[in-house]
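Visitor: Could you take me through one part of this fold in close-up? I'd like to see how a single strand sits among its neighbours, and then how the rest of the sheet is laid out around that spot.

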Amino acid sequence: MTGSPEVCVLLPTMNEAATIADVVADYREAGFENVLVVDGGSTDETRQLAAEAGARVVEQSGEGKGQAVREAVAEHVDAEFVLLADADATYDAADATAMLEPLRDGRTKHVIGDRFADMRPGAMTRLNRIGNRLINRAFARIHGRDYRDILSGYRAFTRESFEELSLAAEGFGIETEMAVECVKRGVPVEVVPITYRPRPEGSDTNLHPIRDGGIIFLELYRKAKTNNPLFYFGSVGATATAGGVLMAIYVLYDWIANGVGHEILAIVSAAGILLGFQLLMFGFLADMILTLHREGIDGHERE
């Protein structure tokens with residue numbers, strides 16, 4: 001059986017009147033009777049069309065996709081599994097079975113749909129594709145896991161595992177935050193290939209590539225403080241040290257070549273180098289403590 005009461009299809013919406021009825025109908029035709037639409041204050045007919053198509057519709061109390069997902073799972077979802085998708089008809093309801101299979105088999109607790117496995121022409125602009133690749137590489141480098149498509153909006157997870165995550169992102173950063181928290185909390189993740197299609201005509205995106213991309217990069221870096229402290233403090237320390245060294249070279253050159261002293265710059269240079277070394281040392285110590293903590297947890301679990 002493809003769909004069942006144990007699964008809730010969760011669709012956050014914001015002015016998706018052009019596609020919401022078809023998306024809800026697709027999931028219901030695939031056997032998913034429990035379709036929940038959480039609307040963020042649409043000014044078009046999104047809520048009415050979703051209800052007419054057979055979805056349960058609630059209005060979120062706050063704003064943003066992240067807040068919608070957290071509120072929905074906490075207050076409106078009783079099912080064991082949650083299938084999270086966008087309401088813009090870019091994802092395929094036919095992929096739901098593959099997304100849910102690892103959860104039902106008990107192999108994992110969180111599933112990410114890899115859009116790059118079957119991305120249809122025109123589904124993603126060149127700018128967005130480059131940005132996605134950079135963000136995924138940065139995530140793999142900083143957090144030590146390659147989930148291939150951490151910005152994918154097609155997710156499946158157990159409600160229990162979602163409640164273990166500490167999430168605060170309000171908007172599109174929720175996908176990145178979930179991936180980071182899965183690494184941090186040791187939640188098993190599996191990546192499943194999916195189809196990703198272009199948005200239909202008349203359907204406008206709520207995503208702002210530059211603004212949201214910047215927010216996602218900052219979120220990745222901010223979360224590195226607890227997942228990879230050596231990178232977090234080391235990168236700042238290396239920058240401070242490099243800046244101090246370059247300034248020291250300039251001060252030394254100008255003093256030797258022209259006899260001009262720069263006492264203030266020399267002090268700033270020394271402070272930069274000292275601060276950089278301190279941050280690097282702090283990063284090494286924090287990384288060592290984190291490693292010992294993780295090894296202690298793993299050893300306790302094996303016992």
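Guide: Strand 1 and strand 4 run parallel and are paired over 4 bridges. Bear in mind that this is a predicted model. To find your place in that pairing, look for Leu10, which has Leu84 of strand 4 standing opposite. Leu10 also stands opposite Leu36 in strand 2, and that fits the other pairing here: strand 2 is joined to strand 1 by 5 bridges, again in the parallel sense. As a general point, the strands of a sheet pair through backbone hydrogen bonds, in either a parallel or an antiparallel way.

Now look at how strand 1 is covered. Of its 7 residues, 7 are buried, so strand 1 is largely enclosed by the rest of the structure. You can check that face by face: Val7, Val9, Leu11 and Thr13 are buried on one side, while Cys8, Leu10 and Pro12 are buried on the other. The cut-off behind "buried" is under 20% relative accessible area.

Two helices are worth switching on next. Helix 1, residues 20-29, lies across strand 1 (7-13), strand 2 (35-39) and strand 4 (81-84), and runs at about 175° to strand 1. Helix 3, residues 65-75, lies across strands 1, 2, 3, 4 and 6, with an angle of about 150° to strand 1.

Zoom out and you get the whole sheet. It is an open one built from 7 strands in the order 3-2-1-4-6-5-7, with mixed pairing. Strand 3 (56-59) and strand 7 (189-196) are at the edges with a single partner strand each, so one side of each has no neighbour in the sheet. From one strand to the next, the twist averages 25°. For an antiparallel example, go to strand 5 (residues 110-119) and strand 6 (residues 155-158), which pair in that sense over 3 bridges. There, Val111 stands opposite Ala156 of strand 6.

One last stop, this time on the surface. Ile130, Leu134 and Phe217 make up a nonpolar patch there, with about 270 Å² of accessible area together. Phe217 sits in helix 8, residues 209-227, and its relative accessible area of 38% makes Phe217 partly exposed. Partly exposed covers the range between the buried cut-off of 20% and the exposed one of 50%.

How values were computed:
Residues numbered from 1 in each chain as written. Predicted model: local features only at pLDDT ≥ 70, side-chain atom pairs only at ≥ 80, totals over all residues. Heavy atoms only, no water. Pairing = 2+ DSSP bridges. Helix = DSSP H or I, 4+ residues; strand = E, 2+ residues; numbered from the N terminus. Axes fitted to C-alpha atoms, helices over the stretch in contact; angles between N-to-C directions. Contact = heavy atoms within 4.5 Å. Patch = residues over 30% accessible without salt bridge, like charges linked within 9 Å, V, L, I, M, F, W, Y side chains within 5 Å. Areas by Shrake-Rupley, 256 points an atom, 1.4 Å probe, with all protein chains shown as cover. Salt bridge = Lys/Arg side-chain N within 4 Å of Asp/Glu carboxyl O. Buried < 20%, exposed > 50% of the residue type's maximum accessible area, 1.4 Å probe, protein only.
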